[in-house]
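Trainee: I should be grateful for a close look at one part of this model, a pair of packed helices and the loop that comes before one of them. Please then place that part within its wider setting.

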Amino acid sequence: MAEQNYDFQKRLLQVHRAGRRMEKPLAKGQLEITAAWSIVYPADNAFLADRAADLADYFAVSMGLSLPITDNAAGKRIVYEIDPELAREGAYRVDAADGLIRLIGKDERAAAQAGYLLEDLLNLEEAPYLAPGVTDRAPLFRCRMVHSGFAEDDFPDGHLNAIAHSGINTILVFVCGVNQTPMHELDFNDLIARAARYGIDVYAYSYMKTAMHPLDDGAEEYYDSLFGDLFRRCPGFKGIVFVGESVQFPSRDERTSGRMRTDNIDRFGNKIIKKPDPGWFPCNDYPDWLALVKKVIRREKADADIVFWTYNWGKCAEADRIALIDALPTDISLQATFEMFENFERKGVPSRSIDYTITFPGPGAYFVSEARAAKRRGIPLYSMTNAGGLTWDVGVVPYEPAPYQWLKRYDAMRTCHREYGLCGSMDCHHYGFYPSFISDLAKVLFNDENADGETVIDQLIRRDWGAENLDVVRQAYRDFSDALNDFIMTNEEQYGPLRIGPTYPLVLFGDHQLLLPGDPKAHHGGNLICFPNYAYPLHVPARREQFMGEIRLYKASAERMIGAAERLRVLLPALPTSKRDEAQRIVGVAEFMGRTALTVHHVKRWYLEKQGLLAADGAFERHLDTLLEIAAAERENVLATVPLTDFDSRLGFEPSMRYKGDSDKLRWKLAHLDRMVNEEIPALRAKGTVENPTRMDFPRDTWSYRFE
């Protein structure tokens, strides 16, 4: 039976997967946890009492064991302990001996992580068996921050619990004002209190525009009414994230327009002052802005973590960026995006890493330049890494099942931790966090400095697919990773077919006002961050050459990813029932990504023929015939995608857009294709020409000379 929209949310609330126990003999030297064991927590520690109950739920649901919970027990037991003498911040340990398993943490939150580690070890073993000995872990990063994958700024308790189990200790909530997110009212204090019950901190991600210069008369009162009031009324916020374009301010730096972006466009959408707006430039008065913001916040919360994110300034001169870092206070945190603005090639095709992609694992030169400056200044360094397992490379999937590509990113992050002191990670943006085997891989690598990534991937394959399928699955995962590695990221793709997948329409000349179907109440509704009128600067020779290479690479990536998914699908019938459902979802995500790549291939070929129709090159009929061929191929691609979205309601969804690529939208795409094949193309054939093309039929950067 097909899932209904939002059914995936029920799965997100199920922290412990049922039926993980496989019947197998106890290996020599292993100890077995049986119903004779109990779970013990420190007396008068409500937090660990709750975590003990969660561990008991794990044993009941995943291992089929009913273990009593107590604060005072003898006999065989699993005991939560706090040991402040553990060496590293956040350190935790599982110490297993016959009849006694100690879950030890440097503090109570770390002890909770020891409990989750025990779950992880038993899941890998697929039985309540454990080898005696000590397993030590400690987080590399002091914070890992995620947005909700359930719905934008919506964190039910089950989702919080799953986030904590994934080794993530911080959530982000978009803030437009006290108890106000972009989409709805939200009781921030309630969220902070509920998150704390799972050992999770809450950061505000500021959407509060600041329209006053910090040196203006009355500026302190103005900023206090924004950020001071937020921390006065919601003192539990651990910190706040500022990114230039989300807050902005009227800088006095003469290299900028000095205006808020909305104040620097005319009624036609053109810039009035032809300079970068302050949110898009490392202005020399940002230190003044930060000094005032810091003053009003820390008057209310002395230890608030103020995170200053240099997001899209990498395109600016390095000297300007470093000059700003050199002027920043050292008692804030600096965040730089890990992979942006890097130029590279894939099989002879040039590419540039834009936000946010795993096609270039990083680190990029922009990040490294700022990391070095932060280290020299002694400023704590964070990065936007997308380490939770999802980027904008395919906008409506829950995660990208390309473990060997992610391993490159994770290893690079570990290197930057050692070399530059990278200590914080923003693991996703508003597309949110979804627990998966990719986040399981990240958890191990970010808590065990000695872990070998390929060994961990093999362990996860055995857990999820069985040891007998190791070789087949390993090769499929390599194919997924290599295929994704060859996606060429451009703005045309990320704000086009990659954003919403196979729902993306093939547009000719009669759809200039086409509105993508979706929820009009979504944060990014309509066409706000996906543009259905595809355009590409084919008139630029270098870009045209790149375009032709992209056509080739996307076809190859699609075939590789779909083919690997088909090889995995063959394994599904023989898997135990307890493994089959999740394995089928992995297959579905990968195939959806492959079919998205095939849509990109078709969109590009379609656009090439569309431009041929406009060129009056004497091949009008041939262009129309090719368009019909492409439409037929894309129709088959969409039809093959529908079973995937029927099975998994998370496919086609993204928290800020909501549903843009689900089964209903795919059927809309089919109807749109049929209209073009049956109406628009025959009409063009009858006329033999394109009458009255509009500027939307041409690349945006040609409008000025095509349409005066």
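Mentor: The axes of helix α10, residues 365-377, and helix α11, residues 403-420, approach each other within 10 Å and cross at roughly 30°. Please bear in mind that this is a predicted model. Two packed helices are described by the angle between their axes and the distance between the axes. Angles under 35 degrees count as roughly parallel, and α10 and α11 are therefore roughly parallel to each other.

The contact itself can be given residue by residue. On the α10 side stand F367, V368, A371, R372 and K375, and they meet C416, E419 and Y420 of α11. By character, the residues of this contact divide into five nonpolar and three charged, with no polar residue.

The loop between β16, residues 349-352, and α10 deserves equal attention. G362 lies in this loop, and P363 is also found in the loop between β16 and α10. The peptide bond that joins G362 to P363 is cis, with omega near 5°. Once neighbours within four places in sequence are set aside, G362 is in contact with F338 and A412. A412 falls within the residue range of α11, 403-420. As for a more remote position, G362 and L498 are separated by 136 residues in sequence and by 21 Å in space, C-alpha to C-alpha.

On the other side of β16 lies a further backbone feature. K347 sits in the loop between β15, residues 343-346, and β16. Its phi is near 50°, a positive value in a residue other than glycine. K347 has a relative accessible area of 54%, and it is therefore exposed, the cut-off being over 50%. D153 may be set beside K347, for its phi is near 60° and is likewise positive in a residue other than glycine. D153 belongs to the loop between β9, residues 143-146, and α4, residues 157-165. With a relative accessible area of 3%, D153 is buried.

The cysteines can be treated briefly. The structure holds zero disulfides. C176 takes part in none, and the nearest cysteine sulfur, that of C234, is 13 Å away. C176 has 33% relative accessibility and so counts as partly exposed. For C283, the closest cysteine sulfur is that of C316, at 8.9 Å, which is too far for a bond because a disulfide requires the two sulfur atoms to be within 2.5 Å. C283 is buried, at 0% relative accessibility.

For the wider setting, consider an open sheet of six strands. Its order is β3-β2-β4-β6-β5-β8, and the pairing is mixed. β3 (69-70) and β8 (133-137) stand at the edges with a single partner strand each, so one side of each is left without a neighbour in the sheet. Helix α2, residues 46-62, packs on this sheet and touches β2, β3, β4 (77-82) and β6 (100-105). The direction of α2 makes about 150° with that of β4. At the β3 end of the order, strand β2, residues 38-40, pairs with β3 in the parallel sense over two bridges. Within this pair, I39 stands opposite I69 of β3.

Technical notes:
Residues are numbered from 1 along each chain as its sequence is written. This is a predicted model: local features need pLDDT of at least 70, side-chain atom pairs count only at pLDDT 80 or more; totals for chains, interfaces and linings use all residues. Side-chain values use heavy atoms; hydrogens and water are left out. Buried means under 20% relative accessible area, exposed over 50%, partly exposed in between (1.4 Å probe, protein chains only). Axes are lines fitted to C-alpha atoms, for helices over the stretch in contact, and angles run from 0 to 180 degrees between N-to-C directions. Helices (H or I, at least four residues) and strands (E, at least two) are DSSP runs, numbered from the N terminus. Angles under 35 degrees count as roughly parallel, over 145 as roughly antiparallel, 65 to 115 as roughly perpendicular and the rest as oblique. Contact means heavy atoms within 4.5 Å. Ala, Val, Leu, Ile, Met, Phe, Trp, Tyr, Cys and Pro count as nonpolar, Asp, Glu, Lys and Arg as charged, and the others, Gly among them, as polar. Two strands pair if DSSP finds at least two bridges between them.
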